[in-house]
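Here is a short briefing on one protein model. Keep the sequence and the 3D view open as you read.

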Amino acid sequence: MSARTLFDKVWTEHEVVAETADTPAVLYIDLHLTHEVTSPQAFSMLRAAGLPVRRLDRTLATMDHSTPTEAAQVFGRIPIKVDAAARQVRQLEANAADFGVELFDMRDARRGIVHVISPELGATQPGMTVVCGDSHTSTHGAFGALAFGIGSTEVGHVFATQALLQRKPKSFAVNVEGKLRPGVTAKDLILHIIGKIGVSGGTGHVLEYRGSTIRALSMDERMTVCNMSIEAGARAGMIAPDQITFDYLRGRPRAPAGAAWDDAVTRWRNLVTDEGAVFDASVDIDASRLEPMVTYGTNPGMVLPIGASIPAHEGDEIFDKALRYMGFHSGDAMLGKPVNTVFIGSCTNGRLSDLEAAAHILKGRKVAPGVHLLIVPGSQQIKREAEAAGYADIFKAAGADWRESGCSMCLGMNGDTVAAGMYSLSTSNRNFEGRQGVGARTLLASPFTAAASAVQGRIADPRELL
Ligand code: SF4
């Protein structure tokens, strides 16, 4: 058999019916994750057709986008303040009960952002196909899974059939070599990659992140990288599983155990791109020269090393519109620009190691006067771990707002929003117009940069505070 890529191996393994010129492939789905925002229409489709959820054992629901982060609302001492959010929460509770879907509801100790809890449980495993009605499903590719977001109608298809109609994407090798310098993180790396290939650079492709830099990343860091694949336009991002992956998964509640674990690891070790396999596209990245990165525009590809100044693109109306929205000008330095809100959280950077990075900077320091620092763990388990490690005490002593888990200010559906015209430095993944609130101006960066900027009240180079 000819040399094959990791992506090709996982795709072929799940192809029930191969695609033709006229018809897409039928792809079997191993794990279907669902949440309150994109599932109501899909459950209605099942009801209308009189169908059950075909594989309850491969379906898992949680609540994350609309859930409040204030403890009094989560634990019921006061009602959920945002009506639309409260309706979505109640509807998922009712749908999950009607169809028998396992649900981590608002008060469940296992609840959290869908892309955080599935790896945490060991439900996401190498070689799987994983889908969810959410763009950032690409996160799970960090385990060597083929994982991608689907629309509400497709959520209904997977509920009903455990399969999906798909055209096979092309493959794209992102070769990353070199050691990241102190203060430079996986978030800076993926922002640099998106800046280099562009927000459409990966369109129609599955990225495979490869090379010595990627192999040296922890699972948390690999998830940060794969999470933002969609921001480069890619269908998915993948990293070949290795000993770091196996060590992360061993002993997790839904990972295989005993002899099944040994069998699984034997299978998983084959999930690598064969020597000599050919990719449809590739790019080479030198990670050893990277700086902390920060965005300045209204998509993640409008990004710069933190010490740089905003470029000019004469005659580019889209570029000019983005700068007008942000209130910035070509030639402006990014360092020193004031920030009003700092958000540390999301499925990109709401894991324990991200909170550890923030605590490292915030320890013994105070948030600058007038700045609101909101820190939201990615899951309730991470919240407990951060509290046990003392990070939450550090945050509170610094003057930060420490909350219950959820998507929160990543998109503001739960009422955690940024006011119009205000600047928000965020560790999330999208800086689109209005993403964090109508008129809000979002800048994306790492947890190090976010924490340093919260302390200084302006965009700051985290290396000065490490
Ligand atoms: S944290 Fe943001 S990007 Fe991630 S699942 Fe929630 S809303 Fe989507």
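The points below cover the ligand site, the pockets, the salt bridges and two single residues.

This is a predicted model. A ligand sits between domain 1 (6-166) and domain 3 (294-464). The largest pocket holds about 660 Å³ of space. A search of the whole structure finds 21 salt bridges.

**The ligand site**

- Twelve names make up the ring around the ligand: His65, Ile113, His115, Asp134, His136, Ser346, Cys347, Cys407, Cys410, Leu411, Asn429 and Arg435.
- Sorted by class, this shell has five nonpolar, five polar and two charged residues.
- Where does the ligand lie with respect to the domains? Domain 1 (6-166) and domain 3 (294-464) both give residues to the shell, so the ligand lies between them.

**The largest pocket**

- The largest pocket has a volume of about 660 Å³.
- Its lining is made of 26 residues. Nearest the centre of this pocket lie Asp30, Gln125, Pro126, Met128 and Arg267.
- Helix H1 (6-14), strand S4 (59-62) and helix H11 (259-268) are the elements that give two or more residues to this lining.
- Which element gives the most to the lining of the largest pocket? H1 does, with five residues.
- The lining of the largest pocket counts 11 nonpolar, six polar and nine charged residues.
- Domain 1 (6-166) and domain 2 (170-241 + 266-288) both supply lining residues, so the largest pocket lies between these two domains.

**The second largest pocket**

- The volume of the second largest pocket is about 380 Å³.
- It is lined by 24 residues. Closest to the centre of this pocket are Leu180, Val184, Thr185, Ala186 and Glu221.
- Several helices each supply at least two residues of this lining: H7 (186-197), H8 (212-215), H9 (219-227), H14 (352-362) and H17 (447-456).
- By class, the lining of the second largest pocket divides into nine nonpolar, nine polar and six charged residues.
- Domain 2 (170-241 + 266-288) and domain 3 (294-464) each give at least three residues to the lining of the second largest pocket.

**Salt bridges**

- Start with the general idea. Side chains of opposite charge can pair when their charged atoms come close.
- How many salt bridges does a search of the whole structure find? The number is 21.
- One of them joins the side chains of Asp98 and Arg47, at 2.9 Å from N to O. Asp98 lies in helix H4 (residues 83-99) and Arg47 in helix H2 (residues 40-49), so this pair ties together parts that are 51 residues apart in sequence.
- Is Asp98 buried or exposed? Asp98 is exposed, because its relative accessible area is 55% and the cut-off for exposed is over 50%. Arg47 is partly exposed, at 39% relative accessibility.
- Asp401 and Arg403 also form a salt bridge through their side chains, at 2.9 Å from N to O. Asp401 is partly exposed at 22% relative accessibility. Arg403 has a relative accessible area of 11% and is buried, because buried means under 20%.
- A further salt bridge links the side chains of Asp461 and Arg463, at 2.8 Å from N to O. Asp461 is buried, with a relative accessible area of 9%. Arg463 is partly exposed, at 31% relative accessibility.
- The pair of Asp461 and Arg463 belongs to a network. Salt bridges with shared partners join these two residues with Arg181 and Glu291.

**Two residues to find**

- Where is Gly415 placed? Look in the loop between strand S17 (401-402) and strand S18 (423-426). Gly415 is partly exposed, at 40% relative accessibility.
- Now compare sequence and space. Gly415 and Asp83 are 332 residues apart in sequence. From C-alpha to C-alpha, Gly415 and Asp83 are 10.0 Å apart in space.
- Val176 has its place in strand S9 (residues 170-177). Val176 is buried, with a relative accessible area of 0%.
- Val176 and Val199 are 23 residues apart along the chain. A distance of 18 Å separates the C-alpha atoms of Val176 and Val199.

Definitions and conventions. Residues numbered from 1 in each chain as written. Predicted model: local features only at pLDDT ≥ 70, side-chain atom pairs only at ≥ 80, totals over all residues. Heavy atoms only, no water. Salt bridge = Lys/Arg side-chain N within 4 Å of Asp/Glu carboxyl O. Helix = DSSP H or I, 4+ residues; strand = E, 2+ residues; numbered from the N terminus. Buried < 20%, exposed > 50% of the residue type's maximum accessible area, 1.4 Å probe, protein only. Near = heavy atom within 4 Å. Nonpolar A, V, L, I, M, F, W, Y, C, P; charged D, E, K, R; others polar. Domains from an automatic or database assignment. 1 Å grid on protein atoms, 1.4 Å probe; cavity = no way out; pocket = protein on both sides within 12 Å on 5 of 7 lines; lining within 4 Å. Points joined across faces, edges and corners; volume = space filled by probe spheres on them.
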